[in-house]
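Please prepare a briefing on the structure below, covering a pocket and its lining, a helix and its surroundings, and the cysteines.

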Amino acid sequence: MTNRVPVPLAKAYRLMNHGPTVLVSSRHGDAVNVMAAAWSMPLDFDPPKVAVVIDKNTLTRSMIEASGEFALNIPSRELARLTLQVGSTSGREVDKFAAFNAGAWTGEQVGAPLLDGCLAWLECRVLPEPHIQNTYDLFLGEVVAAWADPAVFADGHWNMAAGGKKSIHYVAGGHFFETGEAFEVPDSPR
């Protein structure tokens with residue numbers, strides 16, 4: 001029998017919560033905001049779609065609902081402090097870009113800001129699904145533009161070389177880990 005220990009159901013999500021942490025940015029009118037999200041994932045290939053959980057109580061959510069668009073920014077270890085700061089501060093109380101000295105530029109397809117220093121950026125338009133948005137806080141987005149730092153992503157693949165920048169993954173309590181080194185499993189004859 002495989003060795004195992006029980007996991008409290010309230011912590012079961014942590015067994016799967018290893019996708020890259022993202023910074024969800026939004027714009028509505030002249031207002032901009034950014035928040036951290038640990039629960040996001042790719043959803044489809046063509047057209048490309050993503051899913052991200054955005055709590056009802058966040059300013060980012062109200063801005064996304066008003067504008068119909070958002071951006072997912074993929075930070076590295078160098079932006080871990082910023083990730084914690086924007087994830088633990090309300091945009092209703094402070095301009096996060098100014099308070100945390102976060103540089104950004106506007107995307108080409110959506111108005112949401114793209115944050116300086118990230119590994120990759122996905123510009124998204126909301127695919128309205130009111131039931132899952134209201135019931136599960138789950139937003140679906142069609143990726144309408146995507147960008148990557150060529151030092152870490154080229155020819156459709158991540159470069160996970162030792163010493164290079166890697167995506168970060170939030171595992172609760174201010175703890176992150178980086179994606180590890182890539183490895184390959186050679187094809188084996190059947």
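The lining of the second largest pocket comprises nine nonpolar, eleven polar and two charged residues, where Ala, Val, Leu, Ile, Met, Phe, Trp, Tyr, Cys and Pro count as nonpolar, Asp, Glu, Lys and Arg as charged, and the others, Gly among them, as polar. This is a predicted model, in which local features need pLDDT of at least 70 and side-chain atom pairs count only at pLDDT 80 or more, while totals for chains, interfaces and linings use all residues. Residues are numbered from 1 along each chain as its sequence is written, and side-chain values use heavy atoms, with hydrogens and water left out.

**Pocket**
- The second largest pocket (on a 1 Å grid over the protein atoms alone, an open set of points where a 1.4 Å probe fits, with protein on both sides within 12 Å along at least five of seven lines; lining residues have an atom within 4 Å of a point) has a volume of about 260 Å³, taken as the space filled by probe spheres set on the points, which are joined across faces, edges and corners.
- Of its 22 lining residues, A36, T83, V86, G87 and S88 are the closest to the centre.

**Helix α2**
- In helix α2 (residues 80-87), the buried residues are A80, L82, T83 and V86, buried meaning under 20% relative accessible area with a 1.4 Å probe, protein chains only.

**Cysteines**
- The structure holds zero disulfides (pairs of cysteine sulfur atoms within 2.5 Å).
- The sulfur of C118 lies 13 Å from the closest cysteine sulfur, in C124, which is too far for a bond.
- C118 counts as buried because its relative accessibility is 3%, and C124 counts as buried at 0%.

How values were computed:
Buried < 20%, exposed > 50% of the residue type's maximum accessible area, 1.4 Å probe, protein only. Helix = DSSP H or I, 4+ residues; strand = E, 2+ residues; numbered from the N terminus.
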